[in-house]
Amino acid sequence: MTVPGRPATIVIFGATGDLTRRLLVPALANLCFDGLLSEELNVIGIALRDGDDESLRVSLDEFAPQTQCWQRLRQRTSYLPGDFTLGTVYERLKQRLGEDDAAFYLATPPQFFGVIVDRLADAGLTEEHDGGFRRVVIEKPFGHDLESARALNQRILSRVNESQVYRIDHFLGKETVQNILVARFGNAWLEAVWNHRYVDHIQISAAEAIGIGTRGAFYDTTGALRDMVPNHLMQLLSMIAMEPPNSFDAEVIRDEKAKLLRAVRRITPDEARSDAVRGMYAAGQVNGQMIPAYRETPHVDPNTATETYVALKLMVDTWRWTGVPFYLRTGKALAARDTEIVVTFKPVPYATFRETPVAHLPANQLVFQIQPHEGIDLGFLVKRPGPQVEAVPVALDFAYAEKFAVAHRTGYETLLYDMMMGDQTLFQRADQIEAGWAVVQPILDAWARGEGVLEEYTPGTSGPRAADALIARDGRQWHALGR
Ligand code: BG6
């Protein structure tokens, strides 16, 4: 990392939590291994629990790769126990930091985001002097609806500048997500067909096979819509549908993404009933493993109405996408883990081989496979060899694993690296966050009024029947989950 000039420190609030141990510190160790981390970097962990430098280091050892780099970084890692809501810990932090550049990473429950930024600013810790930096990195969830997201943005931006704020959406740390922009804007032929004249519809799916497990307390106040849609799925939507940016400058890209989200047609109360489906999983098996009904998950209210699945249909009012539906779905305990974007093209305009078996040809599909399989599939029709004319779809497929040596990564490496380099491209700006919430707010409102049936679905399936009906109504069907 070519950061310094001056010594830099990453201060992690919530240093004893899972995010820090499983993802942030291993990502820092991986960056170090790749030669992308300054040897001068210090890490200060803050959390409520009593402890000292060595106890923090030992707790981080469990998931950190055992490399020399980690051993070096480990020695530069220290602990500061304290209550995030009180001024004292910030005074001690100030003494430790001195004039260092610093990034404050808020890996804490969301109720602390506002107060930590306030206390940092009160202590003068967010002031940037002489070309140095002071940055604040904020995890999700950013708000729990439009109003609270706006309030949090206002609170934070009354103390620091937008240029100092890095709002994380970990989907943007995925190579396959970053690749969407390169694939779209690096390939001329794609642009030619990337519009309502050639595209029939687009599906964005983020399916998970696991249930809620031990996350009941968090999930039951959140639900699938809040947990995945305004953030992760809106990022995928904006990347697949945005206009070409005229540079790869962070602000230019973020402008285009925000513009696209603002063009999503506001769902009316009627549409919130007809174009959004919610479901909750019952007890059942996924991949031979029994999972309890969501309502019987520890820390979940047995009478809960929280959804574990959501599907919706959105329209994007731009010249490019007029009339093209975007179907989104996400859920837990489904048939397979599968995050993908499927672009279905319109059928060929004219059936060349009338009254033969190839009079009705299946439409072409381009599939961006985000995870767990990472790649791109382009469906292509070919003639099956033989005397009769028979067209069959085959895939021109690209798999990252076959083409590149991809080392195991946590998904946070690029985000941390970019943040330290001051590149905000992969971070959400205030207006993007609010535009994402604005899309889902009418659905949250409708569900809060008790509208929209909450359908139970069987684990290991593709979700509620109402979701199939939502897309079948338009004469279409979901792409099968799993590969
Ligand atoms: C998180 C959600 O933001 O994303 C989780 O809170 C979800 O509920 C996770 O499981 C999915 O991320 P990934 O990278 O595993 O697809």
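This report looks at the surroundings of a ligand and at one pair of crossing helices.

The model is predicted.

**The ligand shell**

Which residues are around the ligand? They are Lys140, His170, Phe171, Lys174, Glu208, Arg215, Asp227, Met228, His232, Lys332, Arg337 and Gln371. Sorted by class, seven residues of this shell are charged, three are polar and two are nonpolar. Helix H10 spans residues 223-241. Helix H10 gives the most to the shell, with three residues.

**Polar contacts**

Three side chains place a polar atom by an oxygen atom of the ligand, as the table shows.

| Residue | Side-chain atom | Ligand atom | Distance |
|---|---|---|---|
| Arg215 | polar atom | oxygen | 2.8 Å |
| Asp227 | N or O atom | oxygen | 2.5 Å |
| Lys332 | polar atom | oxygen | 2.7 Å |

Arg215, Asp227 and Lys332 are also among the residues listed around the ligand. How much of the ligand's accessible area does the protein cover? On its own, the ligand has 400 Å² of accessible area. The protein covers 81% of that area.

**Two crossing helices**

Now to the helix pair. Two packed helices are described by the angle between their axes and the distance between the axes. Helix H1 covers residues 18-33, and helix H3 covers residues 68-75. Their axes come within 8 Å. They cross at roughly 120°. Therefore H1 is oblique to H3. Is the crossing of H1 and H3 left-handed or right-handed? The crossing is right-handed.

Definitions and conventions. Residues numbered from 1 in each chain as written. Predicted model: local features only at pLDDT ≥ 70, side-chain atom pairs only at ≥ 80, totals over all residues. Heavy atoms only, no water. Near = heavy atom within 4 Å. Polar contact = N/O pair within 3.5 Å; in protein donor to acceptor, adjacent residues only side chain to side chain. Areas by Shrake-Rupley, 256 points an atom, 1.4 Å probe, with all protein chains shown as cover. Helix = DSSP H or I, 4+ residues; strand = E, 2+ residues; numbered from the N terminus. Nonpolar A, V, L, I, M, F, W, Y, C, P; charged D, E, K, R; others polar. Axes fitted to C-alpha atoms, helices over the stretch in contact; angles between N-to-C directions. Parallel < 35°, antiparallel > 145°, perpendicular 65-115°, else oblique. Left-handed = near helix turned anticlockwise from the far one by under 90°.
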